[in-house]
Amino acid sequence: MLPYLLSLGAGLAVGVAYGLIGVKSPAPPIIALVGLLGILAGEMAVSSWRGHPAALSSLLHRKSFAVEPKAPKHPPA
């Protein structure tokens, strides 16, 4: 949860800075953000339908911290 709060805080700080300077934000319009939210909700619905009860937490974790697992290194024989 902390990364989301930090991200929100950083976004608010940058938004305030843009507002004070009078620069138009390069952020996508609200309708695009709503579309992205719909995509995540759809993915979560399919995961839940397939029987993954922790669909929300797994999606949030997978989307935020996408680290591919590394295969164990085997010493050469």
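Helices here are DSSP runs of H or I with at least four residues, numbered from the N terminus. Keep that in mind for Gly51, which sits just after helix 2 and takes a positive phi of about 100°. We'll come back to that glycine on the way through.

First, the whole chain. You're looking at a predicted model, so color by pLDDT before anything else. The chain averages 80, and 66% of the residues score at least 70. Switch to cartoon and you'll find 3 helices and 0 strands, in the order α-α-α along the sequence. Now turn on the surface: about 6,900 Å² is exposed, with carbon and sulfur atoms supplying 74% of that. Of the 77 residues, just 4% are buried.

Next, select residues 2-21. This is helix 1, and its mean pLDDT of 92 is the highest among the elements of the chain. Try the distance tool on its end C-alpha atoms: they are 29 Å apart, which agrees with the 28 Å expected because 20 residues rise at 1.5 Å each.

Stay at the start of the chain and show side chains for Met1, Leu2, Tyr4, Leu5 and Leu6. Together they make a nonpolar surface patch of about 580 Å². Zoom in on Leu6: is this side chain's residue buried or exposed? Leu6 counts as exposed, because its relative accessibility is 55% and the cut-off for exposed is over 50%.

Now step off the other end of helix 1. Gly22 follows the helix, and its phi is positive, near 90°.

Move on to residues 30-49, which form helix 2. How far apart are its end C-alpha atoms? They are 28 Å apart, in agreement with the 28 Å that 20 residues at 1.5 Å each should span.

Extend the selection to residues 29-49. An unreviewed UniProt entry annotates this stretch as "transmembrane region". In the model, the span is 95% helix and 0% strand, and its end C-alpha atoms lie 31 Å apart. Just past helix 2 is Gly51, the glycine from the opening, with its positive phi of about 100°.

Last stop: residues 55-64, helix 3. Its mean pLDDT is 62, the lowest among the elements of the chain. Where pLDDT is low, the predicted coordinates should not be read in detail.

Conventions: Residues numbered from 1 in each chain as written. Heavy atoms only, no water. Patch = residues over 30% accessible without salt bridge, like charges linked within 9 Å, V, L, I, M, F, W, Y side chains within 5 Å. Areas by Shrake-Rupley, 256 points an atom, 1.4 Å probe, with all protein chains shown as cover. Salt bridge = Lys/Arg side-chain N within 4 Å of Asp/Glu carboxyl O. Helix = DSSP H or I, 4+ residues; strand = E, 2+ residues; numbered from the N terminus. Buried < 20%, exposed > 50% of the residue type's maximum accessible area, 1.4 Å probe, protein only. Expected span 1.5 Å × (residues − 1). pLDDT = per-residue confidence, 0-100. UniProt positions renumbered as here; feature names shortened; annotations may be inferred.
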